[in-house]
Amino acid sequence: MQSDEGTEWLLELLTEVQLQQYFVRIRDELNVTRLSHFDYVKNEDLEKIGMGRPGQRRLWEAVKRRRAICKRKSWMSKVLL
């Protein structure tokens, strides 16, 4: 799903939690281009790019919400097809 959209989904996710200033660093330094790439990101990685703890918490909550939405969509598409 995300590969078709490029990294627009990432910018939307970061904008949602007011962390859009980290978009380039997350995309380029942490190489996050798909939602599943967040499985390999640790809090230490986010600290290295300058993100504070409150921002990290907001980001992880947004990632969790986005995963739940994607999981629901994939489940529904399997049922409907």
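Reader: Is Gln56 buried or exposed?
Author: In this predicted model, Gln56 sits in helix α5. Buried means under 20% relative accessible area. Gln56 has 2% relative accessibility, so Gln56 counts as buried.

Reader: Which residues does Gln56 touch, not counting residues up to four places away in sequence?
Author: Gln56 belongs to helix α5. Residues up to four places away are left out of this list. The residues that remain are Asn43, Leu46, Glu47 and Met51.

Reader: Glu47 is on that list. Which residue forms a salt bridge with Glu47?
Author: Glu47 is partly exposed, with a relative accessible area of 38%. The partner is exposed, with a relative accessible area of 52%. The closest N and O atoms of the bridge are 3.2 Å apart, and the partner is Arg53.

Reader: What pattern do the helices and strands follow along the protein chain?
Author: The protein chain has five helices. It has zero strands. Read along the sequence, the pattern is α-α-α-α-α.

Reader: What share of the residues in the protein chain is buried?
Author: The protein chain has 81 residues. To count as buried, a residue must be under 20% relative accessible area. Buried residues make up 31%.

Reader: Where do the buried residues of α2 lie on the helix?
Author: In α2, the buried residues are Trp9, Leu10, Leu13 and Leu14. Seen down the axis of α2, they fall within an arc of 130 degrees, so they line one face of the helix.

Reader: Trp9 is one of them. Which residue forms an aromatic pair with Trp9?
Author: The structure holds two aromatic pairs. In the pair with Trp9, the centres are 6.4 Å apart and the planes are at 80 degrees. Planes over 60 degrees apart count as edge-to-face, so this pair is edge-to-face, and the partner is Phe38.

Reader: How many residues apart in sequence are Trp9 and Phe38?
Author: Trp9 is in helix α2. Phe38 is in the loop between α3 and α4. The pair links distant parts of the chain, 29 residues apart.

Reader: Is Phe38 buried or exposed?
Author: The cut-off for buried is under 20% relative accessible area. Phe38 is at 2% relative accessibility, so Phe38 counts as buried.

Reader: Which other residue forms an aromatic pair with Phe38?
Author: This pair is also edge-to-face, at 6.0 Å centre to centre and 80 degrees between the planes. The pair links Phe38 to helix α5, 22 residues apart. The partner is partly exposed, with a relative accessible area of 24%. Ring pairs link Trp9 and Phe38 into a cluster with this partner, Trp60.

Reader: How many salt bridges does a search of the whole structure find?
Author: One joins the side chains of Arg66 and Glu16, at 3.9 Å from N to O. Another joins Asp28 and Arg27, with the closest N and O atoms 2.9 Å apart. The search of the whole structure finds six.

Reader: How many residues apart in sequence are the parts tied together by Arg66 and Glu16?
Author: The side chains of Arg66 and Glu16 meet in a salt bridge. Arg66 lies in helix α5 and Glu16 in helix α2, so the pair ties together parts whose separation in sequence is 50 residues.

Reader: Which residues are linked in a network of salt bridges with Glu16?
Author: Glu16 is partly exposed, at 46% relative accessibility. One of its network partners is buried, with a relative accessible area of 14%. The residues linked with Glu16 are Arg65 and Arg66.

Reader: Which residue with a positive phi follows α2?
Author: Most residues other than glycine have a negative phi. The residue after α2 has a positive phi, near 55 degrees. It is found in the loop between α2 and α3. At 60% relative accessibility it counts as exposed, and it is Gln18.

Reader: How far apart in space are Gln18 and Arg58, C-alpha to C-alpha?
Author: In sequence, Gln18 and Arg58 are 40 residues apart. In space, C-alpha to C-alpha, the distance is 8.9 Å.

Reader: What is the phi of Asn31?
Author: Asn31 is found in the loop between α3 and α4. Asn31 is a residue other than glycine, and its phi is positive. The value is near 55 degrees.

Terms used. Residues are numbered from 1 along each chain as its sequence is written. This is a predicted model: local features need pLDDT of at least 70, side-chain atom pairs count only at pLDDT 80 or more; totals for chains, interfaces and linings use all residues. Side-chain values use heavy atoms; hydrogens and water are left out. Helices (H or I, at least four residues) and strands (E, at least two) are DSSP runs, numbered from the N terminus. Buried means under 20% relative accessible area, exposed over 50%, partly exposed in between (1.4 Å probe, protein chains only). A salt bridge is a side-chain nitrogen of Lys or Arg within 4 Å of a carboxyl oxygen of Asp or Glu. The arc is that of the directions from the helix axis to the C-beta atoms. Contact means heavy atoms within 4.5 Å. Rings of Phe, Tyr and Trp (its six-membered ring) pair if their centres lie within 6.5 Å; planes under 30 degrees apart count as stacked, over 60 as edge-to-face and the rest as tilted.
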